[in-house]
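Me: I have a protein model open and would like to learn how to read its helices. Could we go through it together, one feature at a time?
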Amino acid sequence: MELNINSLQELFLKKGDFTVPQIITDAVSSCIQTNPENIEKEIVRLEQIYSSYIRIDEPIKLDYLDEATIDAYTIKYLPRNTLIPKIFLLSFAEHSVLRNIPDEISILDLGSGTGGVVLGLLDMFRQPLFSKIKVKIAALDSSAPSIERQKNLIQKMDVSNCEVHHFVVDLSKPKEYLRSMMHLAPYNYIITANFLTELKSSPINDLLVNAREALSEDGLILIAEAPRLYTCKLMVRLSRFLLELGLNPFYPCPPDFECKKGINEQCWVWFETNFQCPDISIAGEELEVTDVLKTTWSIYCNSQYSIYDFLNEGDPDLSWGIATPYGNEFSIKEEMNYEVCTTKGPKTVTHTREKAIFRDKKSVILRGAIIGFDSNSRAVKAWHPLW
Ligand SMILES: C[S@@+](CC[C@H](N)C(=O)[O-])C[C@H]1O[C@@H](n2cnc3c(N)ncnc32)[C@H](O)[C@@H]1O
């Protein structure tokens, strides 16, 4: 099978929806220690903590040490986070680094925790399409119990072409983590998901300076964080900081685009993906998993080739950019305005749609979609295939 966005979508989606496979939910249910009643209480506590931080411009303070906390996180959020590496791959499916994927690749997962990203990688690389590739992953986190849980989950996945190396280190202390971080360098991919939200600015800067050193020449870095005041301001700040480090945006910010947002403003670009996931059965009770992935999404690389080069090659007459719908994206108004970041700066694009195809893919422009529109900004003509 050829490696392209269509074959990958076929692999990760079922009937058009992203799907968490049973092998992952089975692995989760076999590792849980706490009884369902206490897990449910802990899930409520976690939800309250995360939502209490939405409008706060500070890192989240939360310990991942208690078994109940780890169980609650593993059930509620881990299955969702296994989708992150798959959407990452789809985001750069057109890039030559995926077309010319080497026989051996190494990946760094920063703030790896119970292993949402790692399990997603294992599930992806066990597919026949990738099974000839030897994958080495370095997973770093400060929570020993989370890493222990991750090791148990990996054992249940039983994937032979992947090796995972674990390190319990504090990623706010370069002296403590540098050796472990460099263990499998240079990395083809560096992923950090739902982790920078828990780190202060200055250690984040150090971490990214060091991550850049650990990245291979044609490697890619993904930063995926749930949108809240702290992370949305962080995305604006990092877009400048990473450029100073020599890292260029690959997806979704347009290259050469000088973000007009002030240092205290938020980046409004994030996307929401609904997905299918079986409930997780614990002691005869079915526990529900979050079924929406809501995340900011930035991919950086050393080269200046970006997703927009690929899109412009395919449709040179269109302007391309990343959209945020105003108001209710599911309203039945025929004309909708979208604020779009394009290579030529921010633009307002009006899209006129037919009521008849309401909620059709071509009718609704989803938040975070990359779209191509004509010169008078009156009609959206094309979508990046991920959307
Ligand atoms: C919300 S979890 C995310 C785990 C995983 N990346 C995912 O997406 O499922 C955040 C993780 O960051 C880790 N973390 C927080 N501060 C850290 C630090 N200073 N050094 C290393 N890990 C840290 C926590 O232990 C926790 O496992």
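Reply: Happy to! Keep in mind that this is a predicted model. Let's begin with burial in helix H2: Ile24, Thr25, Ala27, Val28 and Cys31 are buried there.

Me: Where do the buried residues of H2 fall, seen down the axis of the helix?

Reply: Start with the general idea. An α-helix has 3.6 residues a turn, so residues three or four places apart point the same way. Now the case here: viewed along the axis of H2, the buried residues lie within an arc of 155°, so they line one face of the helix. On the other side of H2 you will find Gln22 and Ser30, which are exposed.

Me: And what covers the buried residues of H2?

Reply: The cover includes four helices you can look up, H4 (67–76), H5 (78–81), H8 (116–125) and H9, together with strand S10 (280–282).

Me: Let's take H9, then. How do I describe the way H2 and H9 cross?

Reply: Look at the distance and the angle between the axes. For H2 (residues 22–31) and H9 (residues 144–157), the axes come within 9 Å and cross at roughly 130°. An angle over 145 degrees would count as roughly antiparallel, and 65 to 115 as roughly perpendicular. H2 and H9 are therefore oblique to each other. Their crossing is right-handed.

Me: Which residues make that contact?

Reply: From H2 come Ile23, Ala27, Val28, Ser30 and Cys31, while H9 brings Arg149, Asn152, Leu153, Lys156 and Met157. Sorted by class, this contact has six nonpolar, two polar and two charged residues.

Me: How are H10 and H11 placed relative to each other?

Reply: Use the steps you just practised. The axes of H10 (residues 174–181) and H11 (residues 201–214) come within 11 Å and cross at roughly 20°. That makes H10 roughly parallel to H11. This crossing, too, is right-handed. In the contact, Pro174, Leu178 and Met181 of H10 meet Asp206, Asn210 and Ala214 of H11. These residues divide into four nonpolar, one polar and one charged.

Me: One last try with a single residue: is Asp309 buried, exposed or partly exposed?

Reply: Count its neighbours. A residue is buried with 20 or more other C-beta atoms within 10 Å of its own, and exposed with 12 or fewer. Asp309 has 16, so it is partly exposed. You will find Asp309 in helix H13 (residues 307–314). From C-alpha to C-alpha, Asp309 is 13 Å from Asn248 in space, with the two 61 residues apart in sequence.

Methods: Residues are numbered from 1 along each chain as its sequence is written. This is a predicted model: local features need pLDDT of at least 70, side-chain atom pairs count only at pLDDT 80 or more; totals for chains, interfaces and linings use all residues. Axes are lines fitted to C-alpha atoms, for helices over the stretch in contact, and angles run from 0 to 180 degrees between N-to-C directions. Helices (H or I, at least four residues) and strands (E, at least two) are DSSP runs, numbered from the N terminus. Angles under 35 degrees count as roughly parallel, over 145 as roughly antiparallel, 65 to 115 as roughly perpendicular and the rest as oblique. A crossing is left-handed if the near helix is turned anticlockwise from the far one by less than a right angle, and right-handed if clockwise. Two residues are in contact if their C-beta atoms, placed from the backbone, lie within 7 Å. Ala, Val, Leu, Ile, Met, Phe, Trp, Tyr, Cys and Pro count as nonpolar, Asp, Glu, Lys and Arg as charged, and the others, Gly among them, as polar. The arc is that of the directions from the helix axis to the C-beta atoms.
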